[in-house]
Amino acid sequence: MSVSDMFAALQGALGQDQDIREEIRKVVQALEQTAREILTLLQGVHQGPGFQHIPKKCQKAREHFSTVRTQMESLKTKFPADQYYRFHEHWRFVLQRLVFLAAFVVYLESETLVTREAVAEILGIEADRERGFHLDIEDYLSGVLTLASELARLAVNSVTAGDYSRPLRISAFINELDSGFRLLNLKNDSLRKRYDGLKYDVKKIEEVVYDLSIRGLNKEATVGAGGEK
Amino acid sequence: MSGKEGSGGFRKRKHDNFPHGQRREEKENANPSSALMTSFKSFQLELDTRHDKYERLVKLSRDITIESKRTIFLLHRFTSAPNGEEILKESEVKLDAVRQKIKQVAQELIGEDMYQFHRAISPGLQEYVEAVSFQYFIKTRSLISVEEINKQLIFTAEDREETTNTTSNSRDKQPHTWSLKVTPVDYLLGVADLTGELMRLCISSVGNGDIDTPFELSQFLRQIYDGFTFIGNTGPYEVSKKLYTLKQSLAKVENACYTLKVRGSEIPKHMLADVFSTKTELIDQDEGLP
């Protein structure tokens, strides 16, 4: 093979790669749009009256997730199944966002942390790499950390809206989450940076709880809500 | 400032009602066997395993880089002199050792998605491509293909100990075969670096009195440069970045050929070496040579 033949063949391979990426980008854009819709929907819980509508919002969000599942099905077809990490960068951001949104919905519904398997199911993907298009553990953890920031904000807005018990429950939840994250040995990558933000979320929520407790508001709340878990 | 304790004073210190101590205890006593903590323990294990493998691959890649570089230095000592054959033989021994390291990389990657760890091994593989293509050029005056390179990276088990479990996702067709495929991009980046070595070869070969090699190299490098131009910006960013250095290497070789052509008839061979041992800028400025 002459040098020019070799380069022509290489160019063919590179071109093919570019084509695949173009197809992936299109589906990812659609996923990003759906994610934005879910986010806009859920942001409403921070408003005063929004608190009452939480169950309804969760339900609507779940409906949107079925769109996500359809789009994921489409994404899976755009590249060879055993080359997930070759193209992972394209959907990493939107997947982390979707994990956060799923975790937020599950928290609003049950005040628990959604498991990796449960998120994978909501998004219509696998939890294990061997089974196909999967949720990488670092993307799951990043999404969960975003949830922590969102809950810190929710704690603040709960108080403003007159709900004094929710922040206490958020506090317990975030503290347990923090303990969990402290078990991890992270490298100096983007996950580590995101994790470094967790302590500020913890601090913010502690300040909310403190503000409530010095005013005795938490006691009112615990009497009403049945105690801190 | 004396602190007031208890509820007697109007002003309370922040700590008094902020249950720091209590909260710290609560955190430390977060139920270690709660579902959440159990999950995170398994995450810890999963991440540690992944990071450990990545580190092992980084170490292998570094070894591959070092040994490949040494092979390149060795090959620069090649001339058509009698010890040339020895040097080629020794280079083959060295490259075989590098290939053994690549075999270990392949074994680490069994059942894994190679691209998850690609950044760990890419530098080593590029250096290997540079070394093996340099040796190939010296032997054959042509460019080794990526297929030829990958053919040499298929390994079979030599003894029982090397048997490992393979998953259905493994690239291998038989249980005791491992292989690694150099990607088109790593191949291109290695070849781009090769041109730098060829440029050095050109300059040094004149010093050895070899005035044919520079012209061969000039033609060869031009073919490679044409190839990269053809690819242009359709490749990843790293490939486009190398194009600039490639152009400079080609220019140096072309200038060397020019100098040889123009001045070769005037200067005795042994003085030609002096012309080329100075920096390129000096060669350009050097107008008053007798």
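How many salt bridges does the rule find across the interface of chain A and chain B? Hold that thought for a second, and I'll get to the number once we've had a look at the setup.

So, hi everyone. What you have in front of you is a predicted model, with two chains, A and B. On the global scores, ipTM comes out at 0.91 and pTM at 0.84. I'd like to go through the contact between the chains, then the domain contact inside chain A, then the one inside chain B, and finish with the confidence numbers.

Okay, chain A against chain B. The answer to my opening question is five salt bridges by the rule. If you want one to click on, go to A:Glu138 and B:Arg50, whose side chains pair up at 3.3 Å, N to O. For polar contacts, the count across this interface is 13 residue pairs, with both partners at pLDDT 80 or more.

Who's doing the touching on the chain A side? Several helices give two or more residues each: α1, which is 3-43, then α3, then α5 at 137-160, α6 at 166-182 and α8 at 198-214. The top contributor there is α1(A), with nine residues. By residue class, the side of chain A that touches chain B splits into 23 nonpolar, eleven charged and nine polar.

And the overall extent: 43 residues of chain A meet 44 residues of chain B. Together the two chains bury about 4,200 Å², and carbon and sulfur atoms account for 64% of that.

Right, now inside chain A. The domain assignment gives us domain 1, residues 1-135, and domain 2, residues 137-221. Their C-alpha centres sit 25 Å apart. In contact terms, 24 residues of domain 1 of chain A meet 22 residues of domain 2 of chain A. The area buried between those two domains is about 2,100 Å², with 63% of it from carbon and sulfur atoms. Which residues of domain 1 of chain A lose the most area to domain 2 of chain A? They're A:His46, A:Phe51 and A:Tyr107, and together they make up 30% of what that side buries.

On the polar side of things, the rule finds two salt bridges between these domains of chain A. Have a look at A:Arg166 with A:Glu111, where the side chains meet in a salt bridge at 3.6 Å, N to O. There are also eight residue pairs in polar contact between the domains, both partners at pLDDT 80 or more. For the domain 1 side of chain A, the elements giving two or more residues are α3, 84-110, and α4, 116-123. Out of those, α3(A) gives the most, with ten residues. The classes on that side come to 14 nonpolar, seven polar and three charged.

Moving over to chain B. Here domain 1 is split in sequence, 46-158 plus 177-182, and domain 2 runs 183-289. The contact between them takes 23 residues from domain 1 of chain B and 18 from domain 2 of chain B. Buried area is about 1,800 Å², with carbon and sulfur atoms giving 65%. On the domain 1 side of chain B, the trio to look at is B:Gln126, B:Glu130 and B:Phe137, which supply 30% of the area buried there, more than any other three residues.

For salt bridges, the count between the two domains of chain B is one. You'll find B:Arg141 bridging to B:Glu216, with the closest N and O atoms 2.8 Å apart. Polar contacts add up to seven residue pairs, again both at pLDDT 80 or more. On the domain 1 side of chain B, α3 (35-76), α5 (118-140) and α6 (146-151) each supply at least two residues, and α5(B) gives the most, with nine. That side divides into twelve nonpolar, eight polar and three charged residues.

Last bit, the confidence numbers for chain B. Mean pLDDT there is 82, and 74% of the residues reach 70 or more. Residues 1-9 of chain B stay under 50, and the model has nine contacts for them beyond four places in sequence. Residues 159-163 of chain B are also below 50, with five contacts beyond near neighbours in sequence.

That's my tour, thanks for listening.

Methods
Residues numbered from 1 in each chain as written. Chains lettered and ligands numbered in written order. Heavy atoms only, no water. Domains from an automatic or database assignment. Contact = heavy atoms within 4.5 Å. Buried area = accessible area lost by both parts, 1.4 Å probe. Salt bridge = Lys/Arg side-chain N within 4 Å of Asp/Glu carboxyl O. Polar contact = N/O pair within 3.5 Å; in protein donor to acceptor, adjacent residues only side chain to side chain. Helix = DSSP H or I, 4+ residues; strand = E, 2+ residues; numbered from the N terminus. Nonpolar A, V, L, I, M, F, W, Y, C, P; charged D, E, K, R; others polar. pLDDT = per-residue confidence, 0-100.
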